Structure formats: structure tokens, C-alpha cells
Amino acid sequence: MVKKTISRRDFLRVSALAAAGAALASCGPKATEAPAGGEAPATEAPAGGEAPPAEGVVLDIMSLAEYQAPYQEIWNIYAGENPGITANVFAINEDTAAAYEAKVAGGYLAAIELTQEMQIFFDKSNYEMALDLSTLEFDWWDRFTFDAKNAWADLFGLPGPRSLDFMKGQFMAWQYNGDAMKEAGLDPRNDVRSYDDLVKWMDEGKAFVEGSGGKYDAFWKQGWHNWIFGNNYSECFCDFFADGSADRRVACWKGEAKFNAEDSPYRHFFQFYLDAKDKGWIPADMPNLLWENDMEATYISGKSVMMVHGPWVWDKAAAAGSTFEQVGLPATPPVDMDTWKQFALPVNIDNQWFIRAGVDKLPIFPNIQHAWNWFFSPDIIPLRCDAEGRMPLYTLDAPFETKGLQWQSVGKHIGVKGGDFGDATEWDEGLTGLVMASPRKKKGSKGVFDWESNGLNVWFANLYSGKWTVQDCLDEAQKNYDESYEAA
Amino acid sequence: MSTQFLSPEKIKDTKPPVIGLKGRRIGLRIFATVIMIVYSVVTLFPFYALFIRSFVPTKESSELHLWLPEVQEVSVNQEIGNLAVFYNLDMKAFKIAMGIPETAYIPSRDKLVDVAEKYNLNIADIQQYFEGFYLYNGWNTLFRTSMNSQTFWRALTRTFIVTFFSLLLSIILSIMTGYGLAGLKRKDQMTVYNIYLLQMVIPIMLIILPQYQLFQWIYNLFPQYNVQGSAFRYSAQLIALILINIKGTALSTMIFTSAISGIPKDLEDSAMIDGASRIQYLRQILFPLLKVPIVSLVVIQLPAFYNQFLEPYVYLDPPNSTLLPFIQSAVGQFSTNFQVIYAGVFASVVPLVILYLVFRSYFVEGVMAGAIKG
């Protein structure tokens with residue numbers, strides 16, 4: 001038998017040839033590159049009406065982890081209408097966001113993404129990572145009830161928008177176990193109309209729980225959430241007071257007033273939470289209590305009576321099989337004014353849904369553009385609103401009201417004459433100072449309330465342990481503002 | 001210094017111990033047994049608690065459960081979207097089971113009774129479908145539905161494939177590396193060895209991205225790689241993962257270089273004189289002698305490969321992921337289905353425990369390697 005061998009030299013020669021071949025091949029056009037020359041650029045592909053050819057196209061679409069299933073249902077409609085398309089809805093979460101971004105940096109491109117878990121807010125430092133949505137063919141700009149096309153571009157003086165949203169901002173309102181409240185002999189929905197009423201309600205509720213013989217753990221069980229405290233409660237709980245109004249808060253962010261002034265609107269936020277602890281309304285170890293595992297779980301299990309929360313736990317408690325009646329109340333009954341304000345986050349103009357730069361170079365970009373247009377079409381908006389229990393800022397073809405429980409119990413009565421909370425309720429939902437000041441924010445800075453790195457939790461731990469005063473918190477906020485923002 | 005002895009009188013006066021030698025031995029044995037039982041309970045209890053917790057739905061989660069809780073059944077007035085959002089109800093499986101067309105859209109806010117009415121279904125059938133839904137939600141979601149277009153079984157299979165090939169190839173390559181570097185007699189051998197050791201100071205987090213980009217660059221040479229969901233793409237991603245696992249690491253190099261150095265060179269010389277090729281020497285003489293270092297490496301690397309999170313998360317598409325990224329995908333921003341997480345963690349531990357139990361004698365040998373000199 002002839003034994004065929006390869007010499008070491010031949011082996012090295014073959015290896016060198018293979019390496020040279022691979023290097024040459026890599027110099028050729030990439031498979032993902034857009035066709036050059038006379039062909040139309042991908043961005044001019046048809047958007048609305050006619051769907052582009054779609055054989056074997058897979059669209060990776062990000063969603064919030066919670067709403068993945070309803071969003072998959074919605075995208076199944078699209079796949080059904082466009083044979084050949086597979087719409088793969090996936091989700092990331094706060095823990096895996098960094099790894100996901102590493103993956104993207106390595107070349108992975110999803111068709112449509114969502115900023116939320118990655119905590120992306122488009123500004124001058126990062127706007128180029130997303131496509132300019134105003135350059136896409138999009139049929140629905142005139143449907144938005146705010147200037148979705150220009151609001152971000154006008155604020156930043158940059159081409160945009162880079163992201164798109166259409167939902168009314170989330171709001172935090174009192175949410176309580178109606179059965180337990182009845183058992184306590186309390187009826188806040190009818191009895192609470194002012195801050196003094198609220199104080200009385202809290203004191204009576206606390207006394208009720210203390211006398212419940214262990215049936216209830218807490219009346220108001222507050223847990224910690226960095227984003228909600230730093231971005232939402234911090235605005236919301238100023239609205240008890242006339243001098244905590246939105247325009248006075250915005251003035252601080254514009255540099256026209258000081259966060260640590262004696263009449264700072266933000267004093268009310270810290271003072272309210274300090275009072276709540278001192279009066280025993282909330283647990284003294286609140287900064288250590290987990291939002292979901294402690295606060296939400298005890299409410300859902302019926303061991304605590306109430307929370308201040310957004311729309312999702314209304315649904316979560318119902319889904320968990322909690323049989324008690326869920327009732328709500330706007331968060332901040334007024335102290336020294338007639339109007340009862342309910343803060344809502346402004347519509348997102350610098351975050352939410354986006355298409356990453358580079359996607360326009362993919363061969364499937366025409367399909368992605370078509371899908372994007374469909375995703376924001378009037379037929380699909382109500383489905384998305386109902387999935388999340390929120391209202392659209394978008395003109396639909398037929399009247400629409402979400403069946404979401406928070407909206408039904410609280411939201412729909414605000415700003416409505418003869419609503420359940422009287423005639424004098426109003427939304428406080430304009431652009432916040434945080435958004436308005438974002439063009440001046442220095443890259444990598446911690447921002448005023450330092451919530452992104454959870455620094456605010458340390459502030460509250462210090463406040464609750466007596467190491468800091470409310471003034472110390474405000475001084476820290478002002479210091480952070482000076483360090484984090486360029487002068488207005 | 002003078003030595004003092006007890007006088008016979010004193011010895012006579014000394015009282016015998018209350019417990020004799022035999023009694024003390026029994027006492028010691030009982031004490032050791034109790035300590036071991038306590039230790040075992042302390043070690044095993046978290047696994048038990050984890051298992052029980054996988055049956056505890058959100059509503060019962062604020063209390064400690066040492067046994068399966070009594071859980072209510074799903075009401076027909078539940079909104080189907082909420083069950084999908086908070087309990088990972090697989091809408092596709094539900095539609096198939098109920099005979100609803102897969103392409104039909106079920107609005108999130110439709111209650112189960114509405115669905116029954118719309119599709120002319122028997123309420124009893126729906127109730128039967130949801131029997132034990134809350135109690136077994138974690139395990140049902142894990143074993144019978146998909147998350148991120150991915151099922152537990154597929155993720156587990158991929159984990160086995162990646163772990164098996166990573167271990168197999170890394171052992172083969174490490175033996176070859178060790179064989180090449182054994183003895184560290186030449187300067188170039190020492191240099192290569194030091195380069196391997198240098199990897200110990202480079203954190204994986206630092207190189208994961210350039211490594212990934214390198215693979216992307218290579219794979220992008222193949223147009224099929226850019227077809228999302230293609231078998232080529234998924235296979236290439238798994239191969240990339242195996243390749244980064246089998247690259248020479250400081251640990252395997254150290255183990256095999258030192259083990260092979262301890263094998264007399266005369267053995268190789270005699271094999272060569274007897275006409276063996278190098279491959280034959282490696283396979284038939286060296287390999288059997290390296291059983292202990294191989295087992296040592298397996299003991300260390302098996303859980304590391306099996307429990308990999310970051311690399312698969314970065315390298316693999318969500319529908320192609322391995323076990324840990326799959327389990328992690330149950331974590332949400334506002335809400336997390338902890339039943340699935342606990343069930344997933346427990347289920348992912350089981351195969352590893354079985355492996356260790358089956359091969360425990362080898363593992364003990366591997367762990368004890370080098371502990372006793374002789």
C-alpha cells in the first residue's frame with residue numbers, strides 16, 4: 001500500500017495559500033453591503049402600500065420582556081399578512097443589556113429595537129447610532145397629536161427624530177386593595193380631596209394595620225426603584241404644592257433657579273418621603289426593600305393595602321388571581337391650591353422604538369421599513385395600547401379607550417369635568433426639566449438625581465438614617481447639576 | 001528536668017472515666033454523624049427550597065413555603081393578555097389546544113370567557129386547559145412552551161453539545177500543547193508557555209468583544225451567515241463558542257505540561273524504537289497515563305462550560321441560545337416570572353448533579369490528584 005504523506009513544508013505552503021485566499025476574499029464587497037452604483041438606495045424602498053419581496057426574511061424585533069407575548073401576537077398578524085416573513089420578537093432586560101450591546105458592537109443588528117432596557121436617551125453624543133426617522137417613508141406623521149417628527153430635532157438642533165413613541169406617558173397613582181380599605185372603614189376615593197385628607201387617611205390606615213393582628217404587614221408598603229424615584233416620583237410628589245409646579249421645576253433644570261434654594265420645588269419630594277418614614281406610613285428600611293419582591297408581592301398577596309404605582313401592577317395583581325377589588329386615586333391631592341394635579345411622564349421624544357444605523361445597509365431593509373410603517377399604522381396602535389394598558393397620543397379612525405385597569409380607575413377621570421375626583425383635576429404632563437436640559441448634559445455625567453447608577457438610593461439611606469437632611473439632598477442635587485450640565 | 005511517675009497508690013486512686021473508650025468512640029461517631037446530617041441538610045435545603053419555590057406563584061410568594069402551596073385555579077374572567085404577560089402563557093400552544101386558527105389574533109384584553117364565546121369553545125375545556133396553571137406554571141413554561149422563540153429542551157441540547165465538544169477538543173488540544181511544551185527545555189518552549197500563562201491576567205470581559213468581532217469578520221465572508229435563522233448561521237455561532245472554549249488556556253496548559261513532564265522520556269524512546277508513530281504514542285501510551293489530569297480538567301471545566309452565560313449571550317442569537325441565557329430571558333423590566341427562573345435553575349442543575357454522581361469515582365480521583373505524594 002502506498003502511504004501518502006504531506007511534508008511539513010508542503011503543509012506550511014498550503015496554509016499560507018489558504019490564508020492569502022481568505023485575506024483576498026475579505027477585500028471583496030461584504031455580503032451585507034448595499035448595492036453600489038445606479039441602484040436605488042435602500043432608504044428609498046417602498047414604505048407603506050406595497051410590500052417588498054419577503055421570501056425567507058426573518059425580522060428580529062425587540063420588545064419589553066413582559067409584553068413579548070402580546071407583541072408576538074401583534075407581529076404574527078404582520079407575518080400572516082406578508083407571507084415569507086418571520087417576525088421573531090425577542091426581549092432583553094436590564095441585566096443583559098450590556099451583553100446585548102456588546103453583541104451589537106460586534107455586528108448583530110435587529111430590525112427594530114427599543115431603548116428602554118438599554119436606558120438609551122438620544123442626544124448629541126449618541127444620536128448617530130440610530131437612523132433619522134424623518135428620512136424614512138412614513139405615512140403617519142400627521143396622526144400623532146404632538147409634533148413627533150420635529151420635537152426632538154427642534155430641542156437638540158440635530159437631524160431627527162431618532163426614536164418614536166406614541167403613548168401617553170406613564171403616571172404613578174395610588175393603587176389600593178378596595179376590600180382592605182373598606183375593612184378599615186376608609187373611603188379615600190370620596191374622602192381624600194386635599195393633602196390634609198391624605199395625611200388623615202395615612203394615619204388612620206397605619207392605625208388599622210397595627211390593629212389588624214398581623215393580617216396585614218403594612219398599609220403603604222414602599223419599595224425602592226432607582227428609575228421611578230429619580231425620574232418619576234421626584235417630579236410627581238412636588239405636585240402637592242403650588243410652588244412645586246412644573247414650571248418652577250423646569251426653572252431649576254434651565255439654571256434659572258437652584259435645586260437647593262430654600263423654596264426649591266424638589267424640597268417637597270424629599271420632605272414628603274422623610275415625613276412618610278417619620279410618621280410610620282412606610283417602612284423605615286424602605287431604601288432596602290425590593291420593588292417587585294417586597295412591595296408588589298405583598299400587595300398582590302393582600303398583605304399590604306396600597307402602593308403608588310404605574311399601570312402594570314394593576315394587571316399583574318389581576319393576572320395573579322388576586323380577588324380583591326383594585327381602586328385608585330391621583331397621587332397628589334393639593335395642599336394650597338384648588339387644582340389637583342396628577343403628574344404623568346411626558347411622551348418620549350428621545351427614547352423608545354428605533355432602527356439602528358447600519359440596518360439601512362441590510363438587504364432586508366425595505367422589509368424592515370415596511371414593517372416599521374405597519375407597526376405605527378392606525379390599525380395596530382390600539383392593539384399595542386391595549387397590550388400595555390395605556391392611551392395613544394395619536395388620532396385613530398375610531399374612538400378608543402384602553403381597558404387597562406389603571407386608566408379605567410384613575411386616568412380617565414382626570415381632566416374631565418364631573419369625573420370621579422371632581423372638576424379640578426389636571427394632568428401635569430409637559431416636557432420635564434430632565435428632557436429639556438438633556439441637550440446640555442455632559443456625556444457620562446451622573447445627572448441631577450444620580451438614578452442611573454442608583455446613587456439616589458444612598459441619598460435616601462442617608463436621609464432615613466439621619467446622616468443627611470433634606471437640605472443635604474438638595475445640595476447634592478445642585479452639585480450634580482453643576483457638574484453634569486453645561487451652562488444654559 | 002526530672003521525669004515524674006505516678007505512684008501505684010495514685011494509679012489505684014484514679015477514678016475510671018465515666019465513659020469508657022468504647023463509649024467515647026460511639027459518642028464521637030454520633031457527634032460526627034449529627035454534624036454530617038446538619039451539614040447535608042444545610043447544603044441540600046437551598047435546593048429543596050428552590051424546588052418548592054418553583055411552585056409558588058406570585059400571590060403566595062410573600063410567605064415561606066416548605067411544601068407545595070394550595071393554589072387557586074385560573075378564573076375564566078382572566079384577561080388572556082395578562083396571563084401571557086405575567087405567566088408566559090404560550091398563545092400558540094393555547095390556540096392549537098383550543099382549535100383556534102394559529103393566525104387568529106386574540107386581543108390582550110379579551111377574557112377567557114370572551115375567547116370561548118368568540119370561538120365557540122366549551123368553557124369546561126378552557127378550565128381544563130388551565131388546571132394547575134398557577135401551581136405548575138414554572139415547570140409548564142419551562143418544559144412545554146417557548147421563550148424568546150426558544151425551548152428549554154433545545155437550549156439544553158445546545159448546552160450539552162457545546163460542553164461536550166468544548167471538553168473533548170480542549171482535552172485533545174491541551175494534551176498536544178503539553179506534549180509540545182513538556183520539559184520546557186528550550187527557550188522557545190518557555191516563551192510559548194509564558195504566553196499561555198499571560199492569559200491568566202487578561203479578564204475575559206476585555207477580549208470578548210474583539211473576539212466576537214473577529215468571528216463576525218470571518219463569518220461575514222459567507223453570505224449564508226447573514227440569513228437570520230439559517231442553519232448555517234446557528235451552526236457557525238455554536239462553532240465559534242466551541243472555538244473560544246477550546247483555545248489553549250493557562251490552566252489546561254499548566255496541567256498537561258507538568259503532567260507530561262513527569263512521564264519518563266524513556267517511555268517515548270522505547271515506543272519509537274518499537275516502531276510507534278507519534279500519534280500512536282500519544283493515543284496508546286500517553287493518553288492512558290493522563291487519566292488523572294484529564295479528569296482534573298473535566299472537574300474544573302465542565303461546570304464552567306455548562307454554566308457559561310456571557311459568551312453564549314453575546315455569540316448566539318436568542319432562538320439559538322444555550323441554557324443560562326434562556327433562563328435569564330424570563331427576567332423582565334417591570335415583572336419577572338420567578339417560578340420559571342426557579343424551575344429553570346433547578347432543572348439546569350440536575351444534569352450536572354447526575355453527571356457528577358455517575359462519574360463521582362473519577363472526579364474524586366481527579367480532585368485528589370497530587371494531594372497524596374507517594
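This passage describes the confidence, domains, strand pairing, nonpolar cores and chain contact of a predicted model.

Confidence was examined for chain A. Its mean pLDDT is 88. Of the residues in chain A, 90% reach 70 or more. One stretch falls well outside that range: over residues 19–47 of chain A, pLDDT stays under 50. For this stretch the model has 34 contacts beyond four places in sequence.

Chain A is assigned two domains, each built from two segments. Domain 1 covers 42–167 and 348–388. Domain 2 covers 173–347 and 403–484. Taken over C-alpha atoms, the centres of domain 1 and domain 2 of chain A are separated by 32 Å. Contact between them involves 14 residues of domain 1 of chain A and 9 residues of domain 2 of chain A. On the domain 1 side, the touching residues comprise 5 nonpolar, 3 polar and 6 charged.

Strand β6 of chain A spans residues 304–309. It is largely enclosed by the rest of the structure, because 6 of its 6 residues are buried. Two strands pair with β6(A) in opposite senses. Strand β4 of chain A, residues 173–177, runs antiparallel to β6(A) and is joined to it by 4 bridges. Within this pairing, W174(A) has V308(A) as its bridge partner in β6(A). Strand β5 of chain A, residues 218–220, is parallel to β6(A), with 2 bridges. Here A218(A) is bridged to S304(A).

In soluble globular proteins, nonpolar side chains tend to be buried together. In this model, the largest nonpolar core contains 181 residues. I61(A), I112(A) and I368(A) have the most contacts inside that core. Beyond its neighbours within four places in sequence, I112(A) is in contact with I61(A) and I368(A) themselves. The other contacts of I112(A) on that basis are M62(A), W353(A), I355(A), W372(A) and F375(A). Another core, of 22 residues, lies apart from the largest one. Its members include F152(B), L324(B), I327(B) and Y342(B).

The two chains also meet. Their contact takes 52 residues from chain A and 54 residues from chain B. On chain A, the elements that each supply at least two residues include strands β1 (57–64) and β2 (85–92). Among the helices doing so are α1 (8–27), α2 (68–81), α3 (97–105), α11 (291–300), α12 (312–319) and α14 (381–388). Helix α2(A) gives the most, with 6 residues. By class, the side of chain A that touches chain B has 22 nonpolar, 16 polar and 14 charged residues.

Notes
Residues numbered from 1 in each chain as written. Chains lettered and ligands numbered in written order. Predicted model: local features only at pLDDT ≥ 70, side-chain atom pairs only at ≥ 80, totals over all residues. pLDDT = per-residue confidence, 0-100. Contact = placed C-beta atoms within 7 Å. Nonpolar A, V, L, I, M, F, W, Y, C, P; charged D, E, K, R; others polar. Domains from an automatic or database assignment. Buried ≥ 20, exposed ≤ 12 C-beta atoms within 10 Å, placed from the backbone. Pairing = 2+ DSSP bridges. Core = buried A, V, L, I, M, F, W, Y, C linked by C-beta atoms within 7 Å.
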